[in-house]
Amino acid sequence: MRNVILVGPMGAGKSTIGRLLAKELRLPFKDSDKEIEQRTGADIPWIFDVEGEQGFREREQAVIAELSMQDGLVLATGGGAVMRPENRQALHAGGRVVYLHTSVEQQIDRTSRDRNRPLLRGPNPAQVLSDLMAMRDPLYREVADIIIETDERPPRMVVQEILSRL
Ligand code: S3P
């Protein structure tokens, strides 16, 4: 079976939904951010601090190229993975791509308690999320085979919809 690949912004629920979906499909679950952390032995904020966003994006591209070539994974990607055309191509070729669409309001709500996202460390994370969404929404749509709405829906309901549309 080909991979099922989740894309979408920070706070879309990619990791939570990916883990549940993998269980339902009896497939292994991989998360590109976790994979980067395991390989480097460092967390994402540390990588941003030491290597800059550029360094992180290089690592992200390498992991996405490798994982999307495998078969039978549920793969959650970081919110910025769609920025590079090489990644969009790899993801599209790697399986069914599911865009977890999420409003900026929900993104703000779901990321507000989490300190692990370097792009949201500044004084106005809501503005950052809004700007990123304006830039990236067309790219998520470009790469997606399926678009799923996650607002006001518990993860299990989102998983059921994905299963019915795969
Ligand atoms: C990023 C999203 C994060 C992580 C990194 C950059 C982004 O992943 O890859 O902090 O550019 O949107 P999540 O979408 O899993 O939070």
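These legends describe several close-up views of a predicted model.

**View 1. Positions annotated as "binding site".** The UniProt record, an unreviewed entry, places the feature "binding site" at G11, A12, G13, K14, S15, T16, R117 and R153. These positions span 143 residues in sequence, and the farthest two C-alpha atoms are 23.3 Å apart, so they do not all gather at one spot.

**View 2. A12 and G13 in the loop between β1 and α1.** A12 sits in the loop that runs between β1 (3–7) and α1 (14–25), and G13 belongs to the loop between β1 and α1 as well. With 26 other C-beta atoms within 10 Å, A12 is buried. G13 is also buried, having 21 other C-beta atoms within 10 Å. Residues are counted as buried from 20 such atoms upward. Apart from neighbours within four places in sequence, A12 contacts L100, T102 and T150. On the same basis, G13 contacts L100, T150, P155 and V158.

**View 3. Residues around the ligand.** The ligand is surrounded by M10, K14, D33, I44, G78, G79, G80, R117, P118 and L119. Sorted by class, this shell consists of 4 nonpolar, 3 polar and 3 charged residues. K14 and R117, which belong to the shell, are also among the positions that UniProt lists under "binding site".

**View 4. The largest nonpolar core.** In soluble globular proteins, nonpolar side chains tend to be buried together. The largest nonpolar core here has 30 residues, and those touching the most other members are I5, L6, V7, V97, V98 and Y99. At least two residues of this core come from each of β1, α1, α3 (44–68), β3 (74–76), α4 (85–94), β4 (95–101), α6 (125–143) and α7 (155–165). V98 serves as an example: leaving out residues up to four places away in sequence, V98 touches V4, I5, L6, A144, I146, I148 and I162.

**View 5. The two sides of α4.** Buried residues in α4 are N87, A90, L91 and G94. Because they cover an arc of only 95° around the axis, they lie on the same side of α4. The partners against which the buried residues of α4 pack are β1, α3, β4 and α6. P85 and A93 are exposed, and are carried on the face of α4 turned away from its buried side. Just after α4 comes G95, with a positive phi of about 160°.

How values were computed:
Residues are numbered from 1 along each chain as its sequence is written. This is a predicted model: local features need pLDDT of at least 70, side-chain atom pairs count only at pLDDT 80 or more; totals for chains, interfaces and linings use all residues. UniProt positions are given in the numbering used here, feature names are shortened, and annotations may be inferred rather than shown by experiment. Helices (H or I, at least four residues) and strands (E, at least two) are DSSP runs, numbered from the N terminus. A residue is buried if 20 or more other C-beta atoms lie within 10 Å of its own, exposed if 12 or fewer, and partly exposed in between; C-beta atoms are placed from the backbone. Two residues are in contact if their C-beta atoms, placed from the backbone, lie within 7 Å. A residue is near a molecule or strand if its C-beta atom, placed from the backbone, lies within 6 Å of it. Ala, Val, Leu, Ile, Met, Phe, Trp, Tyr, Cys and Pro count as nonpolar, Asp, Glu, Lys and Arg as charged, and the others, Gly among them, as polar. A nonpolar core is a set of buried Ala, Val, Leu, Ile, Met, Phe, Trp, Tyr and Cys residues joined through C-beta atoms within 7 Å. The arc is that of the directions from the helix axis to the C-beta atoms.
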